[in-house]
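Colleague: I would like to learn how to read a model, one feature at a time. Please give me the general idea and then the case at hand.

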Amino acid sequence: MQPAKIPKPDPAWPDPVWPDPAWEVEAVLAWHDDNAKAAIRSLLDDCKHLRQQLALAERAMSRGMTRGWTPRYKRDAL
């Protein structure tokens with residue numbers, strides 16, 4: 001058995017975990033044809049959907065499965 005290959009980071013993408021925030025904003029606006037109100041509405045709808053999914057998961061998971069972790073619905077201040 002051969003050891004697993006460890007992927008090397010892509011030099012074109014400096015942070016493999018999170019892309020450039022400015023690029024993300026431009027991508028969201030481009031998706032909505034530069035309509036800022038439509039982009040905001042879409043992102044708010046996404047937040048609402050994810051909060052509902054988190055609430056469902058919280059009710060379905062046992063304490064043992066999450067090892068005492070409980071979700072937070074408000075994020076930390078930046």
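Colleague: Which residues line the largest pocket?

Modeller: On a 1 Å grid over the protein atoms alone, a pocket is an open set of points where a 1.4 Å probe fits, with protein on both sides within 12 Å along at least five of seven lines; lining residues have an atom within 4 Å of a point. Here the lining of the largest pocket consists of Glu24, Val25, Ala27, Val28, Leu29 and Leu43. This is a predicted model, where local features need pLDDT of at least 70 and side-chain atom pairs pLDDT 80 or more, while totals for chains, interfaces and linings use all residues. Residues are numbered from 1 along each chain as its sequence is written, and side-chain values use heavy atoms, with hydrogens and water left out.

Colleague: How much space lies in the largest pocket?

Modeller: A volume is the space filled by probe spheres set on the grid points, which are joined across faces, edges and corners. For the largest pocket it is about 200 Å³.

Colleague: How do the lining residues divide into nonpolar, polar and charged?

Modeller: Ala, Val, Leu, Ile, Met, Phe, Trp, Tyr, Cys and Pro count as nonpolar, Asp, Glu, Lys and Arg as charged, and the others, Gly among them, as polar. The lining has five nonpolar residues, one charged and no polar.

Colleague: Which helix gives the largest share of that lining?

Modeller: Helices (H or I, at least four residues) and strands (E, at least two) are DSSP runs, numbered from the N terminus. Helix H1, residues 21–31, supplies five residues of the lining, the largest share. The protein has three helices and zero strands, in the pattern α-α-α along the sequence.

Colleague: Is His32, in the loop between H1 and helix H2 (36–60), buried or exposed?

Modeller: Buried means under 20% relative accessible area, exposed over 50%, and partly exposed in between (1.4 Å probe, protein chains only). His32 has 18%, so it is buried. Contact means heavy atoms within 4.5 Å. Leaving aside neighbours within four places in sequence, His32 is in contact with Ala38, Ala39 and Ser42. Buried residues make up 8% of the 78 residues in the protein.

Colleague: How many salt bridges does the structure hold?

Modeller: A salt bridge is a side-chain nitrogen of Lys or Arg within 4 Å of a carboxyl oxygen of Asp or Glu. The structure holds one, between the side chains of Arg41 and Asp45, at 3.1 Å from N to O. Both residues lie in helix H2, four residues apart, about one turn of the helix. Arg41 is partly exposed at 48% relative accessibility, and Asp45 is partly exposed at 39%.
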